[in-house]
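Trainee: I have just opened this one and would like a guided look around. Could you take me through it piece by piece?

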Amino acid sequence: MDNQRILRVTARMREAGLEQILVTSTTSVYYLTGIWVEPHERMIALWLTSDGKATLFGNEIFGLASTPELPFVAHKDGDDPVADLAKAVKPGKLGIDKFWYSKFLIGLMALRPDVTPVHGSLPVDENRTYKDAQERAAMRRASAINDQVVAAAIAAVREGVRENELAALVNREFLARGADGEGAMLVCFGPNGADPHHGADATVLKPGDSVIFDIFTPISRYWCDMTRTVFYKTVSDKQRQVYELVRRANEAAEAAVRPGVPLSRLDEIARNIIAEGGYGPCFTHRLGHGCGIDCHEPPDVSGASDAICRPGMVFSIEPGIYLPGEFGVRIEDLVMVTDSGCEVLNKYPKELQVIG
């Protein structure tokens, strides 16, 4: 158990008027307990009360043991997974993790009609938003490795290469540098880059293509995430114009990051630059997202966000322009809010590159 994190979460519970919550996502359970379990279709739930007492409920197949600090109540396959939990929770409001399967929640409600489920993710989510010193070090290390991997991927751009070949290379490079598993990535050539979430396929690189590498994976449980766009053999005037516009938007938003600045303002800064350049409708997604034990976690960096920059936040700045049938450009860094500004975690250069 991380007692400091528990104390911060329970303080937020009391502020929210919650005497008890269920924490059920793998990453949030890990954040509070140091225990990593992928339950799949089975149930795991950390019951936390506002006085700091915690009990973990789950399947015996997880191989967990009780400790004085964290009792583990186990059930077997074939048992009602919520039966013991239903005996433990108190009547009244119960904060429910936003990721808990409805089959478990409905089962609990059937056994305990005196319990009122309410949204209960906020006390944990708000604390996870602000990285402590250990987490900041983990994020820096992961991003440094990501810089090395994108450099290796760009160096492998060559005539006749396929998107999925480069994607496989990214996986190998991440694993060689200590990633937790295979990486997740988008490798997009030419017109495929106009789809912000294109999956790597057998498309073959040709001269004049833009090449987007959006690569991200967990390293010691903490995610890296960055995007670079380069060009193969030649770059047209239009491609150069779009690239420099996206780079300006990325760098202007990063320059504005400091404590007290609304995250919606960062989105506005980047979006205005792209709109003034004539490509406003082609920037089709939010500016960014929080990153940590999950690749996508609070805070949201968009025009709809009500979050304010505070020291310890880590989030992406990733403007893009997408031209269907032609090409796309996206440039992404992770940034960490500091006491006086921000630290850009990715160091790989952003100057326009023409490969080959």
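Mentor: We will go through the sheets, then the helix pairs, and end with two backbone details. Please keep in mind that this is a predicted model.

Trainee: Fine, sheets then. In what order do the six strands of the open sheet come?

Mentor: The order is β4-β3-β2-β1-β5-β6, and the pairing in this open sheet of six strands is mixed. The edge strands are β4, residues 72-75, and β6, each of which pairs on one side only. On average, neighbouring strands of this sheet are turned by 25 degrees against each other, with direction ignored.

Trainee: You said mixed. Which strands run antiparallel?

Mentor: One such pair is β2, residues 44-49, with β3, residues 54-59, and these two antiparallel strands are joined by five bridges. If you want a place to look, find Leu46, whose bridge partner in β3 is Leu56.

Trainee: And which strands pair in the parallel sense?

Mentor: Strand β5, at residues 92-96, pairs in the parallel sense with strand β6, at residues 115-119, over five bridges. Between them the chain passes from β5 through helix α4, residues 102-111, to β6, and this β-α-β crossover is right-handed. A bridge to look for here is that of Gly92, whose partner in β6 is Val115.

Trainee: What holds paired strands like these together, in general?

Mentor: Strands of a sheet pair through backbone hydrogen bonds, and they can do so in either a parallel or an antiparallel way.

Trainee: Which strands does helix α1 lie across?

Mentor: Helix α1, residues 3-15, lies across β1, residues 20-23, and β2, and runs at about 70 degrees to β2.

Trainee: On to the other sheet. Which strands stand at the edges there?

Mentor: This is an open sheet of four strands in the order β7-β8-β9-β17, again with mixed pairing. At its edges stand β7, residues 184-189, and β17, residues 354-355, each with a single partner strand, so one side of each is left without a neighbour in the sheet. Strand β7 runs antiparallel to β8, and six bridges join the two, with Met185 standing opposite Ile215 in β8.

Trainee: Now the helices. At what angle do the axes of α6 and α7 cross?

Mentor: The axes of α6, residues 133-155, and α7, residues 163-176, cross at roughly 145 degrees and come within 9 Å, and the crossing is right-handed. Among the residues that meet there are Val149 and Ala153 in α6 and Leu166 and Phe174 in α7. By class, this contact has eight nonpolar, one polar and one charged residues.

Trainee: And how do α8 and α9 cross?

Mentor: Helix α8, residues 237-255, and helix α9, residues 263-276, have axes that come within 8 Å and cross at roughly 155 degrees, which makes α8 roughly antiparallel to α9. The crossing is right-handed, and the residues making the contact include Leu245, Arg248 and Ala252 of α8 together with Leu266, Ile269 and Ile273 of α9. By class, there are nine nonpolar, no polar and one charged residues in this contact.

Trainee: Last topic, the backbone. Where is the cis peptide bond?

Mentor: The cis bond joins Pro298 and Pro299, with an omega of about 10 degrees, and Pro299 lies in strand β11, residues 297-301. The second detail is Ser220, which is not a glycine yet has a positive phi of about 55 degrees; Ser220 is found in the loop between β8, residues 210-219, and β9, residues 222-232.

Trainee: Why point those out?

Mentor: Most residues other than glycine have a negative phi, and most peptide bonds are trans.

Terms used:
Residues numbered from 1 in each chain as written. Predicted model: local features only at pLDDT ≥ 70, side-chain atom pairs only at ≥ 80, totals over all residues. Heavy atoms only, no water. Pairing = 2+ DSSP bridges. Right-handed = clockwise from strand over helix to strand, strands pointing away. Axes fitted to C-alpha atoms, helices over the stretch in contact; angles between N-to-C directions. Left-handed = near helix turned anticlockwise from the far one by under 90°. Contact = heavy atoms within 4.5 Å. Nonpolar A, V, L, I, M, F, W, Y, C, P; charged D, E, K, R; others polar. Parallel < 35°, antiparallel > 145°, perpendicular 65-115°, else oblique.
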